[in-house]
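Work through the exercises below with the structure open. Try each task before reading its solution.

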Amino acid sequence: MAEDKPSWKEYPMAATIHSPGSATDQNTGDWKSMRPVRDSSKCDKCGICWIFCPDAALYMTEEGFYEVDLYHCKGCGICAHECRKEAITMVEEGE
Amino acid sequence: MAETPGDLFLPRLLPPQEFFAEGNRGCQGCGAALVMRQVLKAAGPDTIVCNATGCMEIISSPYPETAWRIPWIHVAFENAAAVAAGVESGIKVLRRKGRYHDRRINVVAVAGDGGTADIGLQALSGALERYHDFTYVCYDNEAYMNTGIQRSSSTPYGASTTTSPSGRESIGQKTQKKNLPMIVAAHEIPYLATACPSFPLDLMDKARRAFQTVGPTYLHILAPCPTGWRHASDLAIEMGRLAVETGAFPLYEVVDGKLKLSMKMETRKPIIDYLKPQGRFRHLKEDDIKEIQRRVDENYEKLLRRAELDEGG
Amino acid sequence: MGERVGLEVSLAVSEAVKLARADVIAAYPITPQTHIVEELSQMVADGDLDAEYVMVESEHSAMSACCGAAAVGARTFTATASQGLALMHEVLFIASGLRLPVVMAVANRALSAPISIWGDQSDVMSERDSGWIQLFAETGQEALDLTIQAFKIAEDRRVLLPAEVNIDGFTLSHVVEPIVIPGQEEVDSFLPPYEPQVILDPEKPVTMGPVGFPELYTEIKKQQNEALLGSYEVILEVWDRFAESFGRKYRPVEHYRTEDAEILINMAGAMSGTARIAVDMMRETGKKVGLIRTRLWRPYPFDEIRNAVKGAKAVAVVDRALSFGGQGGPMCSELRSALYPLAEKPVVTSYIAGLGGRDITVENFQTIVEDTGDVLANGPREEYKMIGVRE
């Protein structure tokens, strides 16, 4: 018996989820074998990487760069492929 | 078309809020997730999504995780449009009786190509004909990707899927891609458009227009699928771009019955550029590709002529 | 206390929906249910009912639209029959699974093939396990009353489940009966506007109908079943409240001349009227016969049924549906199961009658009672009998 798991009484009715966007807690970052690395000297902060990311895994820093959110980035490589300045390269995880 | 070099910095002006959350379970490079992200940026928070069964539903709602930051309901596969019709009707009457917000709510039905062109076509047609004030978004990844890449009526000719496999006796999908947007256009709704997330500003402009239009509107959005199309995940945007630039997936709007091409391409990239990187087309022979090219040209010319006719009228 | 009028029963159901101030009606035409929705659409067209009437393109979409409307907090109604109910099948389970208090009238009709527009209860029996509260009416008054009550039961926060009112196609739906139409003010005070608990609202976004992994699916189904079982007490409460307001009393099981009865007939629906006549006639000849009519089919009234058969030697269950290759009558299977744990229980006999619009006559009931008497005397034979079938 898994006693730490909730009883039927504890689930919300019909399993309706009341925490919008709770997927954000999920670490989809551990799916990746390659991660994007930005060369800030080449980046012109255009935002193309951001708008093409299927995982909304980039966010703007105070300096106006788009930083990769490695907790969510699945390593698809779209940002690197789409960057017109070739400012992003995909490197092996662990390197 | 919005995507000119001068617009390159425009992403910085787009709404930063994400209504389709990071941490969703989409495959690497999922075009459909990107479609949803961009559509919801255009929609904003006053939006209710009625989602058909399919990729989008599965990747976004494994309890207790949800990628949705707006209200969302999933009922079944073939009825997204009917559920949306109920939501819209409910809001309409409750608002009249002072039991719901007065402000405009975007009621959005979301389904894949299977949920739209196949099993959901009847419900879609009914909801369009009844003229509900809602927007139907079809993310077209050109097969039943969620169940393992089976063919749909939206799978293009020659594509190999798990139920239209290429083989010694078969080219793969033997039929032409169903022209859903034109079937929808025949319902004479006020606004419909085709779009592709590789052209995000165009997509979001069209989505905004759809949401602002009173009455039924329809967005048919190509959603590159690295898993099902069998190309590298980093090529998802590139594949969408090539689909548009070869004329395989032309971008247009039909506004009050008048068709307008979003970018007119007198010359287009050869279709082989689009087919070659995709594993689903890898088996095609030179003659097959010639035939596909001929067909793409023919369809595109037809669209050009229709657009000219509609502009002239 | 309302007005007594001669009214077609279908129209009485429409009247009930109007009195309940339904917000959204989504329906598709199918015989013999059409009069209900035609009347409702006229009420909306004339401005007598302030509702959105969605004339959908199929019953599947009717139930889907009902789900959508109920999910934003609208009081929602539909009506169907037979193939239409069968086409809804998939969505019925979702309406109950999502805990949406949709109310539906079913003008019970046979299922194809061969296609038959005439009455029996095969349609609802195929949806027995859909998680809906299921009620059977015998009379027009009951059809009206149960429809009003169904909203109150379904919308109760302890319940939040869809509810279905069954009226036999033609034999009830199309007959004109004297019916008391309650006043609007009385109904308003009995049934205030629906106050939903969770709705689709941009100010409080929820995700309804997510993916349920094996880890929680069982718990969610348990939760749903507890709500359905628990609705029993709420139903009794609602019936008590209804009796206070309107003077008409309802119970899960109706008794007719059951005192000292040795053989009881058990059935549901409009044909009980004929059974009553048969009971009277047999009583006159000294036969100790009574009738127990099942009004509440889901949740099944186990205790009421067990109490109702106490002292009887046999129960003859008459089903207007056939479970092919199984026990025969679905209502009989249920009753047998309910009685099985009892140390002392009557003999149970099963009869299938009234399929596809065939009458169940007084003589049929006499035959059924005689046959049951024979089983009592000589022991059981076949699992069930089809009444009136030509061999």
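**Exercise 1. A helix in chain C**

Task: Compare the expected span of helix α8 of chain C with the distance between its end C-alpha atoms. Then find where α8(C) bends, and inspect the residue just after α8(C).

Solution:
- Step 1. Keep in mind that this is a predicted model.
- Step 2. Helix α8 of chain C covers residues 214-246, which is 33 residues.
- Step 3. The rise is 1.5 Å a residue, and the expected span is 1.5 Å times one less than the number of residues, so α8 of chain C should span 48 Å.
- Step 4. The end C-alpha atoms of α8 of chain C lie 47 Å apart, in agreement with that value.
- Step 5. At Tyr232(C), α8(C) bends by about 30 degrees.
- Step 6. Gly247(C) comes just after α8(C) and has a positive phi of about 80 degrees.

**Exercise 2. Chain B against chain A**

Task: Describe the interface of chain B and chain A by contacts, buried area and salt bridges.

Solution:
- Step 1. Count the contacts: 41 residues of chain B meet 40 residues of chain A.
- Step 2. Take the area: about 3300 Å² is buried between chain B and chain A, with 59% from carbon and sulfur atoms.
- Step 3. Arg12(B), Glu22(B) and Tyr63(B) lose the most area to chain A on the chain B side, together 21% of what that side buries.
- Step 4. Look for charge pairs: the rule finds one salt bridge across the interface of chain B and chain A.
- Step 5. Arg241(B) pairs with Glu82(A) in a salt bridge, with the closest N and O atoms 2.7 Å apart.
- Step 6. There are 20 residue pairs in polar contact between chain B and chain A, both residues at pLDDT 80 or more.
- Step 7. Helices α1 (31-43), α7 (200-212) and α9 (236-245) of chain B each supply at least two residues of the side that touches chain A. α1(B) gives the most, with five residues.
- Step 8. By class, this side of chain B has 21 nonpolar, nine polar and 11 charged residues.

**Exercise 3. Chain B against chain C**

Task: Repeat the analysis for chain B and chain C. Which element of chain B gives the largest share of the side that touches chain C?

Solution:
- Step 1. Here 43 residues of chain B are in contact with 43 residues of chain C.
- Step 2. Chain B and chain C bury about 3200 Å² between them, and 61% of it is on carbon and sulfur atoms.
- Step 3. Seven salt bridges are counted between chain B and chain C. Among salt bridges, Asp50(C) pairs with Arg96(B), the closest N and O atoms being 2.7 Å apart.
- Step 4. The rule finds 20 residue pairs in polar contact across the interface of chain B and chain C, both at pLDDT 80 or more.
- Step 5. The elements of chain B that each supply at least two residues to this side include β1 (47-51) and α3 (80-96).
- Step 6. The largest share, 11 residues, comes from α3(B).

**Exercise 4. A link within chain B**

Task: Explain what the salt bridge of Glu18(B) with Lys41(B) ties together.

Solution:
- Step 1. The closest N and O atoms of Glu18(B) and Lys41(B) are 3.1 Å apart.
- Step 2. Glu18(B) lies in the segment before α1 of chain B and Lys41(B) in helix α1 of chain B, so the pair ties together parts 23 residues apart in sequence.

Notes: Residues are numbered from 1 along each chain as its sequence is written. Chains are lettered from A and ligands numbered from 1 in the order in which they are written. This is a predicted model: local features need pLDDT of at least 70, side-chain atom pairs count only at pLDDT 80 or more; totals for chains, interfaces and linings use all residues. Side-chain values use heavy atoms; hydrogens and water are left out. Contact means heavy atoms within 4.5 Å. Buried area is the accessible area (1.4 Å probe) that two parts lose on being put together, summed over both. A salt bridge is a side-chain nitrogen of Lys or Arg within 4 Å of a carboxyl oxygen of Asp or Glu. A polar contact is a pair of N or O atoms within 3.5 Å; within protein, one must be able to donate a hydrogen and the other to accept it, and residues adjacent in sequence count only if both atoms are side-chain atoms. Helices (H or I, at least four residues) and strands (E, at least two) are DSSP runs, numbered from the N terminus. Ala, Val, Leu, Ile, Met, Phe, Trp, Tyr, Cys and Pro count as nonpolar, Asp, Glu, Lys and Arg as charged, and the others, Gly among them, as polar. The bend at a residue is the angle between axes fitted to the seven residues ending there and the seven starting there.
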